[in-house]
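Student: I'm new to this one. Could you show it to me and let me ask how the labels are decided?

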Amino acid sequence: MDLQTIKIRLYRNEDWGSLCNIHDESRPGELEGNVPLNAFIPLRKCAENEGLFDDEVWVAELDSVVGFIAFEKDYVNWLYVHPSYQRKGIGRKLLRFALERMDYPIKVSLLSNNHRALNLYEKEGFSIIKTKKGKLSGNEKYDAEGHIMEKDSC
């Protein structure tokens, strides 16, 4: 796959089913090693409460939508790539796209055992500024540990 063929574009309403599929296939891998897998909530049930559309939402598209990122002025809130397309540079391309449009310093939160995300953010210049324990965002029945990472400049 050539990363040049990946198109990043603004989310459209007809992308909703693809976003649900991407999130719902990816989220269990994100939760693994952090909280029980029954902490999983499908995107259709959590998007509104977790404010997905409070942010700018962009998608990565090949023949279909394969990933998405949502961010605000200085915070990356969502970054998911379908498992079939992970580790191919799509998440990095989405992240770099967002970073070009954001104000520094930029922050992101992630579960502490989400090693793939941690590696991506570290390679893109983010550093852990805080590790904290608390309730899992979106499913507060579960305790979790997470990192807050920050990138100071481009």
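Tutor: Let's go through burial, salt bridges and cysteines in turn. This is a predicted model, where local features need pLDDT of at least 70, side-chain atom pairs count only at pLDDT 80 or more, and totals for chains, interfaces and linings use all residues. Residues are numbered from 1 along each chain as its sequence is written, and side-chain values use heavy atoms, with hydrogens and water left out.

Student: Why is Asp 15 called buried?

Tutor: Buried means under 20% relative accessible area, exposed is over 50%, and partly exposed lies in between (1.4 Å probe, protein chains only). Asp 15 has 4% relative accessibility, so it counts as buried.

Student: Where does Asp 15 sit, and which residues does it touch?

Tutor: Asp 15 is in the loop between strand E1 (7-10) and helix H1 (16-31). Helices (H or I, at least four residues) and strands (E, at least two) are DSSP runs, numbered from the N terminus. Leaving out residues up to four places away in sequence, Asp 15 touches Arg 9, Leu 10, Val 59 and Val 65; contact means heavy atoms within 4.5 Å.

Student: What makes Arg 9 and Glu 61 a salt bridge?

Tutor: The rule asks for a side-chain nitrogen of Lys or Arg within 4 Å of a carboxyl oxygen of Asp or Glu. For Arg 9 and Glu 61, the closest N and O atoms are 3.1 Å apart, so the pair passes. This pair links distant parts of the chain, with Arg 9 in strand E1 and Glu 61 in strand E2 (residues 56-61), 52 residues apart. Arg 9, Asp 15 and Glu 61 are also linked in a network of salt bridges.

Student: How many salt bridges are there by this rule?

Tutor: The count comes to nine. Another one of them joins Asp 143 and Lys 135, at 2.9 Å from N to O.

Student: Is Asp 143 buried or exposed?

Tutor: Exposed, because its relative accessibility is 55%. Lys 107, at 30%, counts as partly exposed.

Student: Why is there no disulfide between Cys 20 and Cys 46?

Tutor: A disulfide is a covalent bond between the sulfur atoms of two cysteines. Here the label needs a pair of cysteine sulfur atoms within 2.5 Å. The sulfur of Cys 20 is 8.6 Å from the closest cysteine sulfur, in Cys 46, so the two are too far apart for a bond. A search of the whole structure finds zero disulfides.

Student: Are those cysteines buried or exposed?

Tutor: Cys 20 is buried, at 3% relative accessibility, and Cys 46 is buried at 3% too.
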